[in-house]
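This report reads a single chain through its helix packing and through a few individual residues. The sequence and the structure are shown first.

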Amino acid sequence: MRVLGVDPGLTRCGVGVVDGSPGRPLAMAGVGVVRTPADAPIGDRLVLIERGLEAWLDQHRPDAVAVERVFSQHNVRTVMGTAQASAVAILCAARRGLPVHLHTPSEVKAAVTGSGRADKAQVGQMVTRLLRLDAPPKPADAADALALAICHIWRGTATGRLQQAVAAHRAVRPQEHAR
């Protein structure tokens with residue numbers, strides 16, 4: 001499975017592509033950042049993010065897109081920009097019919113490091129180790145995007161298989177679940 005991870009942000013939107021499956025070695029297919037000028041109008045910035053993400057989707061052709069779920073922050077301007085960039089990522093994937101999965105920051109940290117409270121340096125170190133890279137991807141937004149993709153490969157695919165199994169079980173015995 002190939003997953004495009006997106007760490008949304010208006011100034012720096014991290015993107016990372018990982019190939020793999022649970023229990024198998026992972027491989028990085030690409031990593032980078034879509035940047036926008038902080039002084040540009042919001043509409044122009046969102047268009048730049050869309051164009052950047054579309055280019056990544058064209059180049060890497062992922063099977064799924066994993067986006068960091070926006071969480072409440074102290075700075076409302078920051079959370080709004082993150083939410084807007086997240087919506088652009090979701091839209092780009094949906095336009096192509098790609099499944100989109102949202103993962104919380106603590107879920108991603110726990111999947112990659114074993115602790116939902118890990119700091120950015122720990123996430124970067126584990127991404128480096130898991131993908132057998134020479135150095136942590138820079139900036140941290142890029143490493144976070146790879147961590148999102150890894151999280152989805154490890155957790156999202158297992159969750160999807162469980163949901164399919166439950167649906168198949170219910171289809172075989174619909175009268176038992178209707179009670």
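In this predicted model, helix α1 passes helix α2 in a right-handed crossing. The axes of α1 and α2 come within 9 Å and cross at roughly 40°, an angle that is neither under 35 degrees nor in the range from 65 to 115, and the two helices are therefore oblique to each other. On the α1 side the contact is made by Ile-42, Leu-46, Ile-49, Glu-50, Leu-53, Glu-54 and Leu-57, which meet Gln-84, Ala-85, Val-88, Ala-89, Cys-92, Ala-93 and Arg-95 of α2. By class, the residues of this contact of α1 with α2 divide into 10 nonpolar, 1 polar and 3 charged.

Helix α1 itself covers residues 42–60, and its 19 residues reach 27 Å from the first C-alpha to the last, close to the 27 Å expected at 1.5 Å a residue. Its buried residues are Arg-45, Ile-49, Gly-52, Leu-53, Glu-54, Trp-56, Leu-57 and His-60. An α-helix has 3.6 residues a turn, so residues three or four places apart point the same way. The buried residues of α1 pack not only against α2 (76–95) but also against the strands β1 (2–7), β2 (12–19), β3 (27–35) and β4 (64–68). After α1 comes Arg-61, which has a positive phi, near 45°.

A second helix pair is formed by α3 (residues 105–113) and α4, whose axes lie 9 Å apart and which pack at an angle of about 45°. These helices, too, are therefore oblique to each other, but α3 passes α4 in a left-handed crossing. From α3, Lys-109, Val-112 and Thr-113 meet Gln-122, Val-123, Met-126, Val-127 and Leu-130 of α4, a contact with 5 nonpolar, 2 polar and 1 charged residues.

Three individual residues, listed below, illustrate different degrees of exposure.

| Residue | Location | Relative accessible area | Class |
|---|---|---|---|
| Gln-125 | helix α4 (residues 120–130) | 53% | exposed |
| Ser-21 | loop between β2 and β3 | 26% | partly exposed |
| Asp-144 | helix α5 (residues 140–172) | 10% | buried |

Gln-125 counts as exposed because its relative accessible area of 53% is over 50%. Its C-alpha is 9.7 Å from that of Val-112, a residue 13 places away in sequence. Ser-21, at 26%, is partly exposed because this value falls between the limits of 20% and 50%. Leaving aside neighbours within four places in sequence, Ser-21 is in contact with Leu-26 and Ile-153; the C-alpha atoms of Ser-21 and Ile-153 are separated by 5.8 Å, although the two residues are 132 residues apart along the chain. Asp-144, at 10% relative accessibility, is buried because it lies under 20%, and, with the same neighbours set aside, Asp-144 is in contact with Asp-7, Lys-120 and Val-123.

Taken as a whole, the protein chain has 6 helices and 5 strands, which follow one another along the sequence in the pattern β-β-β-α-β-α-β-α-α-α-α. Of its 179 residues, 40% count as buried. Among the contacts in the chain with a separation of 6 or more, 62% are accounted for by residues 24 or more positions apart, and the pair of Ser-21 and Ile-153, in contact and 132 residues apart along the chain, is one of these.

Terms used: Residues are numbered from 1 along each chain as its sequence is written. This is a predicted model: local features need pLDDT of at least 70, side-chain atom pairs count only at pLDDT 80 or more; totals for chains, interfaces and linings use all residues. Side-chain values use heavy atoms; hydrogens and water are left out. Helices (H or I, at least four residues) and strands (E, at least two) are DSSP runs, numbered from the N terminus. The expected span of a helix is 1.5 Å times one less than its number of residues. Buried means under 20% relative accessible area, exposed over 50%, partly exposed in between (1.4 Å probe, protein chains only). Contact means heavy atoms within 4.5 Å. Axes are lines fitted to C-alpha atoms, for helices over the stretch in contact, and angles run from 0 to 180 degrees between N-to-C directions. Angles under 35 degrees count as roughly parallel, over 145 as roughly antiparallel, 65 to 115 as roughly perpendicular and the rest as oblique. A crossing is left-handed if the near helix is turned anticlockwise from the far one by less than a right angle, and right-handed if clockwise. Ala, Val, Leu, Ile, Met, Phe, Trp, Tyr, Cys and Pro count as nonpolar, Asp, Glu, Lys and Arg as charged, and the others, Gly among them, as polar.
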